[in-house]
Every structure is written in structure tokens, then in C-alpha cells.
Amino acid sequence: MLLLPRDLLEKLEFDKLTDIASTYCYGELGKQKIKSLEFFTDKTTVVKKLDETSEFHQAQANDEPIPMRSYKSIDEDLKMLAIEDFVLSEESLGKINQTLIATHNIHGYFKGDRPELYPTLFELIRPVEFEPGLIDAIERVIDDNNQIKPDASPALAKIRKKTGNKQRELDKIFKNLIGTYRSNGWLTDNLESFRNGRRVLSVPSEHKRKIRGIIHDESTTGRTAFIEPEQVIDVNNDIFDLITEEKKELYRILKELSAVLRPFAENLEEYQSLLVYFDEIQAKAALARSMNAIKPKVFGKARMGLKGAIHPLLYLKNKEIDKKTVPFDLTLLAPNRILVLSGPNAGGKSISMKTIGLLQLMLQCGMLIPAEEHSEMGLFTKIFADIGDQQSIEDDLSTYSSRLANMKAFLDESDKETLVLIDEFGSGTDPKIGGAIAEAILKQMNDQQIFGFITTHYSNLKIFAFKTKGLVNGSMLFNKEELSPTYQLKVGKPGSSYAFEIAEKSGLSKEILHYARHKTGKNEKAVDQLLVDLQREKQELEENLEKLSQRQGTLDKLITSYETMHKDLEHRRKRIKLSAKEIELQRTAAENKEMEKLVRKLKEEKNLEKAKELSKKKKEERQKLVETVTELKEDIYHSPADPKNDTPIKAGDFVKIRTGGAAGQVESIEKNNAIIQMGFMRMKLPLRDLIHANEPLEIKTQKSVNTEMIMRRNRFEAKLDIRGMTIEEGMRGLEIFMDEALISNSVTLKIVHGKGTGALRKAVHKKLKEYQSVERIWHPEREGGGDGVSLVELG
């Protein structure tokens, strides 16, 4: 993430925020980490970091906080441990044990339903395999004060027992000697001391020849001699030997323990890293708790949708003195990307701008933000800020020159994912020239589609923001009656500086203010009012346009719905008419037989003219009915209703008959007909009767489908026997059977499925209901097969 200038974190006071967060850390390493936080631009990473902080915060809110404890860095100790045969000190072992216990506590926390409650935190600890035996190994040797326990080994216990006995023997001898020599007046007031690790008597120089023993030392004045009486020399020698022996045993114990830990050096490093990371998370969570922070909804692209946002440092400061901090809302979504904020001095413009920058930095390092629920924030890959005095003596730059240098750097480096913050835009030089340059820079920023938050007093920038798409005015509200700022941010209207009102309140004389107003003229004041009026009218117009747009959308939907309903009703009307005509056509087929009988009778009666006339009349009626049915079918089935079926059918495509049924694959195209392989059958059908279909599922079976379909010389037997088949086999046969039935214009069908469990019968009925042409399904009388047979009437 690119931050400009180099001191941006200090400009936005992010360093002060991390200083506060570091006070919550349990170890120095955690403090260092929280003060050098990394910023992320990837949505997945940012959300993960926020979830970690949020879950830690939630655990505390649920009154089941994750256990943390103080720890110290073991980096140097691990470096030494890596050296073969190096012996760690008791202090080093104590620090390592602190790290082990702290990690063990965190590891042991995630039991029961906690992995599901805090999944993001659990994922941090899950891959880490903890070695509990290391704690046991250290605590067998080291006590809570980082000292070796007396019973760390049997040999050490024996040595210390002997040493204790010798010490008591020495005490007894010394007590007797002191009693004797003090009564003789041979000792100083201090009685005894230690010299060269030996217990000695403090004897005035004039009496040193009266006590037999070894003189170990004399005072600087020479008036006192420190004598080891000959009665304790052997005992002291024994104690000295035992102490030497104890040191050797202690060294052996520490060396042995160091050797035990050495293979786990990498594990210990991993434990410390995990502990430091959890320390960072808990510090963020503690900071969030102190300012009632929340996790906003995060978007991968640049955007801003804050609700009830407050400056975190200002909130913490006001919290201490029980003072309310005024929140603000800010939404910046395309096409509006740059807010031009105006208003009186000390009205809160700069604080609002810094809040935006600070909250953005907090978000992108995994900190929760002080705002209301349902706030939304996007991510930026670059954040630039121009705040405060930019004068540089080292670079020989004035304030304005330095600001222009910043502007150039910002424009050179910015893109659509950049957030730019500029305070008092255009100030530092002649207002007219500075305003013009600022407007040109603002135009370039808008052309580059940069997101920005800019504060200004210049009227030309307010007017430019009003006229330009992508920019929006904003103001800090001002209480005119009390002549005091409210610190409330209002998006959509420019603000006034209220310079004369504030000057009057400050106590400037009326003569000065009158002169100033006269020099300013009416136009300057009118500009601000005009902008406010224009902004209000623009907002009303946009609201009206939005309402009109919504109404137009509703009207378009109603028109589309009406047209769809009209087409549907017309389609249904034609279908009903078609059904009636088809029934009539079927009825005429039955009447043909009667007509043939009548013609034969007339022929027998030798009334040929009457027979011809009657035959011709019937043929004309039937032909007219056939033409009507054909015309209706053409209108219903071949009208372009579905765009996807307008695609020409070609060899290799999967198709089905428009009226429904099984799908088959086109083998070849012959003029206006298609040769189709449909299951076990190969047939020739008109292209106009076909529509595209999905590839059917292949059902592998060793049984063949006995459909009893006999198609000889265009004849179709309307009977299907699927007894003994599986449901899949039966349904495949039924689909082919129904397709042939529809092609042959059959009226009544017979399907033999048997009784059994009834599963095959139910499957047949369910499949038949998928066909629009099926008018009725029923079972014959018991003599005709009963429930084992289904009769179907096609319309």
C-alpha cells in the first residue's frame, strides 16, 4: 500500500492510535508489532483480519475471554539454544516456560463449541501442534521464581541435604565461639562476616593474635581483622566442597534440560510468533472495546458509506471528560467520488477529513472502526494526504511550493483506487490564482476518477463542484443564532465561512466590519447564497427525476406484463379452438365409416349421382377442417416465441417434438426434414415440428424395451407393455411411445404396467402429466386389467 507523504501516518495521527493500542499489549514484542502494523489491499485478507479482531472482541463480550498473560522475548535465548551444547540459564528457561504456558492456555481455550463460535481465530491455532511435555520438563527443574528446585535431581537433593547439615553444624560452632569470644571482649560489634566465601569473625586488630585461625582480610583502616577460627575450617572446607559439587550438578541439570529443548527450537519460535500475533489481536480488540467500534461491510472496490462515524482519538479524549463527540454520515459512490467540504474555521472540516483517512487506515490493518452498524467501506491501494504546514527548510520550499509538489506527486501516482485528502485546498498564495490552480488540479483528479475529501473556502471550487459530475459539495453546519459550530457534516450543499459573523463575535469594531463589507461587495456574499439555492433546486430536480424514473420503470413493467398476458391469452384461445377442431376432425373420421356404408347403399340402389354428391360434400367438409387445424397448429407451434429455438437445427443437435416428449439426436438434414435417432428408433420428421433440447441421460441396460409398437406402412398400434421393466427403462419406452402416438394423431392409448407395488403405475401417471396433449387418464374395468392398465385420451 502506497502512502504519501512519508509522514502520512503522523499527519493523520495513526501513530497516536497505535500508541494507545500498545498499552493493552502483554509483551514488548506485541507492542513493537502493534506500532508497525501492515496495511492490506486484498479484500480477503482485510476481512480475515477484521474477523480475527471481531471474534476476540466477541469472546470478551460473551464473558469467555481468551486467556492471555505476560511474556518476554526469547529470541536471543533461541539463538543460543541453536548452538550445540550451549547451556541456558535459569532466567532463560523461565522466559521460555512463560511462552509455553501462554501458548498452552490459548491452545486449550478452543474446546467444545468454541471452534465454531470463533472459526477465524481457531484457524490460527489449529495447524500448531503443541508439545505439553516441554512445560513438564521445565517445571520439574525450575520454580516460579526462575530458580532450580532443590529436588531437581536426586543427586542435587542429596548434596543440599548434606550442605544443610554442615550449615547447622557450622552455626552451632560459631554460636559457641561467639559466646566465648564476646565475653572476653575479643569481637567487634558486627561479630561476624563473610570473606572469600567463608564465614569469619570480626576481630579488633589488637586481639587478632588471641584467636587461632586463618586471617582472610582486614578492614581498610586496618582496625578490624576477619578471622576464620580453626574450629570451623574443616566444616567450611566441607561446605565449600559441597557448594562446588552443587554447581556441577546444577550445570549438568541445565545442560540436560537445554538438550531436551534444543530439538524443539523451531516449535518454540512458532509458539512465540503465535503468542505475539494473539497479543496484537487482543490489543486491537481492547481498543475497539474502548470506542464501541464495529466491523463494517467491506467491498473490494473503492467506495465510502459511513454512518455515525467519529474520530477515534477525539472520542477517547471526550470520553474522559464525559463530553459528547458529534458523529457524521458520508456516502461516496460512483459517480460521486470527491467531496468538496466548506464551512467556517474551527467548524470541524479538518477533523472530518482526518477521520476519513484514519478510519480507512484502521480498516486496512484489521482494526474495527468507531461507527454505526451497516456502515460500508471499500479498499484503496494508495492513500495520499496534504495536511498542515508543508514548509521545508531542507528542500528550500515554501508552504505553497511544497503543497504544489505534493499535488504533482499525487496526480502522477493516483488511479481509480486512490484516496486523496487535502486540507485548505488552494491556500498559501494569491486567492484568485490559487483558486484557479486548485480548480485545474481538482478537474484533473476528477478526470482520473480519484476518490477524495477536500476542504476549502474558495467559492470557485464550490461552483465547480456544483457543475461537475463526480464532485459533490458538503458543509459543516453553523448555528447562526449562537454563532457557534455544530460540528455536523451535511452532504449536498456548500457551506459559508461566516467570516463577518465570527469577526463580530470576536469583538472587532463596527467601523472595521463596515469597511470590510464595503470592500467585499454584495457579489461575494451572493455567491454563497446562490450556491445554496442552486444546490437545493438541483437536489429537488434529481429527486423528481428519480421518482419519474421509478414510475417509468413501473410503467414499462406493466406494459410488458400486459403484452405477455395478451399473448398468453391469445395463445390459449387458439389452443382451445385447435382442440375443438381436432376433436371435430376425429369425429369426422368416425363418421367416414358411416358415409362409406351410405355410399355403398346408394350404389346398390344405383343412385350414383346422389352418392357422388354426398361423398364430395363430406370430403370438402373434412378438407376444410384439416386446413383449419393445420393453420392453427402453424400459428401456435411455429410462431417465433422462444429466441433460442430460432437457431437453425443441424446434424449432431439434440431435439424434441414441439408438443413434448423424449429427445433425440439429428443424424442428417434432408431439405426440410430431419433424420433423428430417438432411443431405439430412427425416424424422419419435419424441421418445423422440432425444437432444440438438452442431451438426454444415457441409461445402460441389457434389457430391450418391448413397446409392441408396430409401424408398418405408417400404422401405429396404440398399446405399450412395460411389465417387468425398471422405472428408468419403462419411462424411456413411454417417451418413445408417446412421441409416435403424437405423430400418428392417435386418440386413445393403452399402457400395460401391471399392479405390483404400484411404483411403475405412479411413474407412468407422473410422466403422462408432462404432456399437454393428455386430456384424461383412467383405469378400465377389472375385466379389462383394472389398476394394472392405464388408458389415455389425447386431445
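Me: So two strands pair if DSSP finds at least two bridges between them. What's the strand order in the open sheet here?
Reply: Its four strands run β2-β3-β5-β4, with antiparallel pairing. Strands (E, at least two residues) and helices (H or I, at least four) are DSSP runs, numbered from the N terminus. This is a predicted model, where local features need pLDDT of at least 70 and side-chain atom pairs count only at pLDDT 80 or more, while totals for chains, interfaces and linings use all residues. Residues are numbered from 1 along each chain as its sequence is written, and side-chain values use heavy atoms, leaving out hydrogens and water.

Me: Which are the edge strands?
Reply: β2 (192-195) and β4 (213-218), each pairing on one side only.

Me: How many bridges join β2 and β3?
Reply: Four, between β2 and residues 198-204 of β3, in the antiparallel sense. Serine 193 stands opposite valine 200 in β3.

Me: OK, helices. Is α14 mostly covered or mostly open?
Reply: Mostly covered: 13 of its 15 residues are buried (under 20% relative accessible area, 1.4 Å probe, protein chains only).

Me: And what length should α14 span?
Reply: α14 (residues 349-363) should span 21 Å, at 1.5 Å times one less than its number of residues. The C-alpha atoms at its ends are 21 Å apart, which agrees.

Me: Where does leucine 314 sit?
Reply: In helix α13, residues 312-320. Leucine 314 has a relative accessible area of 28%, so it counts as partly exposed (between the 20% limit for buried and the 50% limit for exposed).

Me: How far is leucine 314 from threonine 325?
Reply: Their C-alpha atoms are separated by 7.2 Å, and the two residues are 11 apart along the chain.
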